[in-house]
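Q: Please take a close look at one part of this structure and describe how it is put together. I would like the strand pairing first, then the packing and the connections around it.

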Amino acid sequence: QVQLVESGGGLVQAGGSLRLSCVASGRTFSSYAMGWFRQSPGKEREFVSLISKSGRSTYYVDAVKGRFTISRDNAKNTVWLQMNSLKPEDTAIYYCAADVEGSEEYEYWGQGTQVTVSS
């Protein structure tokens with residue numbers, strides 16, 4: 001079992017920044033990759049970014065490349081998503097997720113944190 005708790009969402013103007021945090025508990029954090037996803041009203045949940053269990057490898061969806069940065073600290077059981085140059089289309093509920101089995105199935109999910117970007 002893995003428990004995930006996100007924080008850091010809020011309301012920001014276009015061009016602004018937010019830093020999302022996700023704290024994990026329950027299993028050895030350094031043993032699994034982590035991902036961030038988002039879901040906007042009326043849209044399907046979409047992948048945003050992932051980071052390997054060591055933190056050495058990262059991947060981003062094209063829409064956020066160059067603006068978002070994912071990072072992790074295995075000693076703090078925490079993964080972050082630094083979001084810069086935010087756009088109204090980034091408005092969504094953001095979820096962190098744990099890929100415990102290494103199959104990219106993301107078995108565990110947080111409750112989500114709302115990010116709203118005003119124009």
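What follows goes through one sheet strand by strand, then turns to the disulfide, the core and a few loop residues.

A: The model is a predicted one. The part described here is an open sheet of four strands, in the order β1-β3-β8-β7, with antiparallel pairing. β1 and β7 are its edge strands, each of them paired on one side only. On average, neighbouring strands of the sheet are turned by 15° against each other, with direction ignored. As a general matter, strands of a sheet pair through backbone hydrogen bonds, in either a parallel or an antiparallel way.

Start at the β1 edge. This strand covers residues 3–7 and is joined to β3, residues 18–25, by five bridges, with the two strands running antiparallel. One pair that fixes the register is leucine 4 with its bridge partner in β3, alanine 24. Leu4 also belongs, together with Glu6, to the covered face of β1, whereas Gln3, Val5 and Ser7 make up the uncovered face. In a regular strand the side chains alternate between the two faces of the sheet.

The next step across the sheet goes from β3 to β8. Six bridges hold these two together, again antiparallel. Two pairs show the register: leucine 18 stands opposite methionine 83 in β8, and arginine 19 stands opposite glutamine 82 in β8. β8 spans residues 78–83. Most of β8 is covered, as five of its six residues are buried.

On the other side of β8 comes β7, residues 68–73, which pairs with β8 over six bridges in the antiparallel sense. Here isoleucine 70 is placed opposite leucine 81 of β8. β7 and β8 form a hairpin with four residues between the strands, and asparagine 77 in this hairpin has a positive phi near 55°.

The disulfide involves β3 as well. A search of the whole structure finds one such link, and its members are cysteine 22 and cysteine 96, with sulfur atoms 2.0 Å apart. Cysteine 22 is part of strand β3 and cysteine 96 of strand β9, so the bond ties together parts that are 74 residues apart in sequence. The link between cysteine 22 and cysteine 96 is right-handed, with 55° about the S-S bond. Both cysteine 22 and cysteine 96 are buried.

Now the packing. The largest nonpolar core has 28 residues, and those touching the most other members are Met34, Trp36, Leu81, Met83 and Tyr94. At least two residues of this core come from each of β3, β4 (33–39), β5 (46–51), β7, β8, β9 and β11 (113–118). Methionine 83 can be followed in detail. Apart from its neighbours within four places in sequence, methionine 83 is in contact with Gly16, Ser17, Leu18, Leu20, Arg67, Phe68, Tyr94 and Val115. Leu18 in that list is also the residue opposite methionine 83 in the strand pairing.

Several loop residues complete the picture. After β8, the chain passes through a loop to β9 (92–99), and serine 85 lies in that loop. Serine 85 has phi near 50°, which is a positive value in a residue other than glycine. Its relative accessible area is 42%, so serine 85 counts as partly exposed. Tyrosine 106 sits in the loop between β9 and β10 (108–109). The phi of tyrosine 106 is near 50° and positive, again in a residue other than glycine. Tyrosine 106 is counted as buried because its relative accessibility is 8%, under the 20% limit.

The last residue here is serine 52, placed in the loop between β5 and β6 (58–60). Serine 52 has a relative accessible area of 18% and is therefore buried. A polar atom of the side chain of serine 52 lies 3.3 Å from the backbone nitrogen of arginine 56. Leaving out neighbours within four places in sequence, serine 52 is in contact with Ala33, Ser57 and Arg72. Arg72 brings the account back to the sheet, as β7 comprises residues 68–73.

How values were computed: Residues numbered from 1 in each chain as written. Predicted model: local features only at pLDDT ≥ 70, side-chain atom pairs only at ≥ 80, totals over all residues. Heavy atoms only, no water. Buried < 20%, exposed > 50% of the residue type's maximum accessible area, 1.4 Å probe, protein only. Pairing = 2+ DSSP bridges. Axes fitted to C-alpha atoms, helices over the stretch in contact; angles between N-to-C directions. Disulfide = S-S within 2.5 Å. Core = buried A, V, L, I, M, F, W, Y, C linked by side-chain atoms within 4.5 Å. Contact = heavy atoms within 4.5 Å. Polar contact = N/O pair within 3.5 Å; in protein donor to acceptor, adjacent residues only side chain to side chain.
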